Amino acid sequence: MDPGRTVRGVTEHTADRAVIVKRVDEGTATTDEIEQLAQSAGYHPVATITQTRTEDPAFHVGEGKADEIARCVAATDAGIVIFDNQLGPYQTFNLGNKLPEGAEILDRFRLILEIFGQRATTRPAQLQVELAELRYELPRAEAKASLAKREERPGFMGLGEYDESRERDIKARISRIRDELDSVQDDAKRRRETRRESGFDLVALAGYTNAGKSTLLRRLAVDHAVEENAEKHPDLPETAASEDRLFTTLETTTRRADIDRRDVLVTDTVGFISSLPHWLVESFRSTLDSVYRADLVLLVVDVSESVDAIHEKLVTAHDTLSERNEAPILTVLNKTDLIDDADLDRKRAALSALAPDPVAVSARTGDGVAALTDAIDDRLPDLVEERIVVPLSDDSMSVISWIHDNAHVTDVEYGEQAVVEFEAKPATIERARSKVQSLPAPGSV
Ligand SMILES: Nc1nc2c(ncn2[C@@H]2O[C@H](COP(=O)(O)OP(=O)(O)OP(=O)(O)O)[C@@H](O)[C@H]2O)c(=O)[nH]1
Ligand SMILES: [Mg+2]
């Protein structure tokens, strides 16, 4: 006998061998994305089973198909079945009864949550993952509790009365996590305000997972991350041979970019994925807030994908953003190194309605990044030119150096008083003025 196996065929070694299943109501099921997700979570797809039919209440797929899945698990020595669908608790229970002992079942959302769980290293990211898990579990606990009650079968699914207290427990934990996340959010909001007041423009990266947001951030950044969780950010070295991995980034990282006359802070955050349920997106609200509250959003897409795929992702991204975001959106067509010019032109034209004036770049080679920084400068709120007269006193130097720090100074002339010419955002000009006004009048001391 193969020493790596037990009689049942489920060992450590086989635990990550996965059978992929997908059911669609009509048409043909495609499994590329779910296979990629499975691999990102560390599983190895060994077989794929699809079915086109309406949902079966008991087994999700037809019962005959469920038997086929069970046979396939046994034959391939798989430890897990991954459904690219959302399974109800009753369906998971029934399917589990058919599978060889020890084999587990994950549905699409549990799989995504598992990836998130593996990637979350900071407290806020962990809280958000936990919140998403609890929100996933809550309706299941409710369903179990009420089914057990209605059917007067407290032992339904082998859990019984435990379910009601479980439900209360989940609700209590959800509200505790919400409170803690609210305070995280308040901190982030204060931080953003301080940065804005210091004359920074805030730019956020948005887009699907794997579009190249983090790679682009590294291109734009002039220094190290300015946020406390920076050292935990799973940045890979630029040269590392990288296979595509989904949801590399869960936490936000902010870096300073020098864009012409401006001080810009660019924030990288969690990527989108198709058909994410609302509760899951909502769980990541604190993280996505940095996108919603930016002065400009860079919507990054992988231009090497098909026009249809890009189109669909742009539509979903716009929908997600339009709920809360008020900032202008600049579309960035990334990974131009993977396609030729003719292909790029064709895609640009096909997407022009959704992405007018996009900027094409390769974050990997740096191609087009200079044009991108120009476009960023262009789309950010205009800087205003200002000329301010500062009476000379012991305190005036601190005001002048504040202006140097927070605005782009074009000229300073010293005479009886200092005349400072600079460019800045209107809010910064206001603050400079009030600083000058609060200077003691010359000779008043
Ligand atoms: N060929 C090519 N590959 C790129 C380019 N930009 C990024 N990649 C690769 O695409 C993959 C995903 O890049 P990331 O920067 O991690 O993508 P992301 O949008 O941050 O992904 P998440 O953090 O998962 O949301 C990595 O393997 C990168 O090396 C590019 O311009 N050209
Ligand atoms: Mg990333």
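# Contacts and burial, step by step

Visitor: In this model, what makes the approach between the side chains of Thr31 and Glu35 a polar contact?

Guide: The model is a predicted one, and in it the side chains of Thr31 and Glu35 come to 2.9 Å; since a polar contact asks for a pair of N or O atoms within 3.5 Å, the value of 2.9 Å satisfies the distance limit, and the pair is therefore listed as a polar contact.

Visitor: Why is Thr31 called buried?

Guide: Thr31, which lies in the loop between strand S1 (17–24) and helix H1 (32–40), has a relative accessible area of 11%, and because buried means under 20%, Thr31 is placed in that class.

Visitor: And why is Lys98 given the class it has?

Guide: Lys98 belongs to helix H3 (residues 89–98) and has a relative accessible area of 25%; buried would need a value under 20% and exposed one over 50%, so Lys98 is called partly exposed.

Visitor: How do you know which kind of aromatic pair Tyr208 and Phe272 form?

Guide: The count comes to 1 aromatic pair, and for Tyr208 and Phe272 the separation is 6.3 Å centre to centre, with 90 degrees between the planes. Rings pair if their centres lie within 6.5 Å, and planes over 60 degrees apart count as edge-to-face, so this pair meets the distance limit and is edge-to-face.

Visitor: Why does that pair tie together parts that are apart in sequence?

Guide: Tyr208 lies in the loop between strand S5 (201–207) and H7, whereas Phe272 lies in the loop between strand S7 (262–268) and helix H8 (278–283), so the pair joins parts that are 64 residues apart in sequence; both Tyr208 and Phe272 are buried.

Visitor: What makes Arg140 count as lying over the face of Tyr136?

Guide: Arg140 is at 3.9 Å from the ring centre of Tyr136, and the rule asks for CZ of Arg within 6 Å of the ring centre and within 35 degrees of the ring normal; the distance satisfies the first of these conditions, and Arg140 is listed as lying over the face.

Visitor: What surrounds ligand 1, and which residues are closest?

Guide: There are 23 residues around ligand 1, the closest being Thr209, Lys213, Thr215, Thr249 and Asp337, and by class the shell has 6 nonpolar, 11 polar and 6 charged residues. Helix H7 (residues 213–220) gives the most to this shell, with 3 residues.

Visitor: How far from ligand 1 is the polar side-chain atom of Asp337?

Guide: That atom of Asp337 lies 2.7 Å from a nitrogen atom of ligand 1, which is within the 3.5 Å limit for a polar contact. Taken alone, ligand 1 exposes 650 Å², and the protein buries 94% of that.

Technical notes:
Residues are numbered from 1 along each chain as its sequence is written. Chains are lettered from A and ligands numbered from 1 in the order in which they are written. This is a predicted model: local features need pLDDT of at least 70, side-chain atom pairs count only at pLDDT 80 or more; totals for chains, interfaces and linings use all residues. Side-chain values use heavy atoms; hydrogens and water are left out. A residue is near a molecule or strand if one of its heavy atoms lies within 4 Å of it. A polar contact is a pair of N or O atoms within 3.5 Å; within protein, one must be able to donate a hydrogen and the other to accept it, and residues adjacent in sequence count only if both atoms are side-chain atoms. Accessible areas come from the Shrake-Rupley method with a 1.4 Å probe; for residues, only the protein chains shown count as cover. Helices (H or I, at least four residues) and strands (E, at least two) are DSSP runs, numbered from the N terminus. Ala, Val, Leu, Ile, Met, Phe, Trp, Tyr, Cys and Pro count as nonpolar, Asp, Glu, Lys and Arg as charged, and the others, Gly among them, as polar. Rings of Phe, Tyr and Trp (its six-membered ring) pair if their centres lie within 6.5 Å; planes under 30 degrees apart count as stacked, over 60 as edge-to-face and the rest as tilted. Buried means under 20% relative accessible area, exposed over 50%, partly exposed in between (1.4 Å probe, protein chains only).
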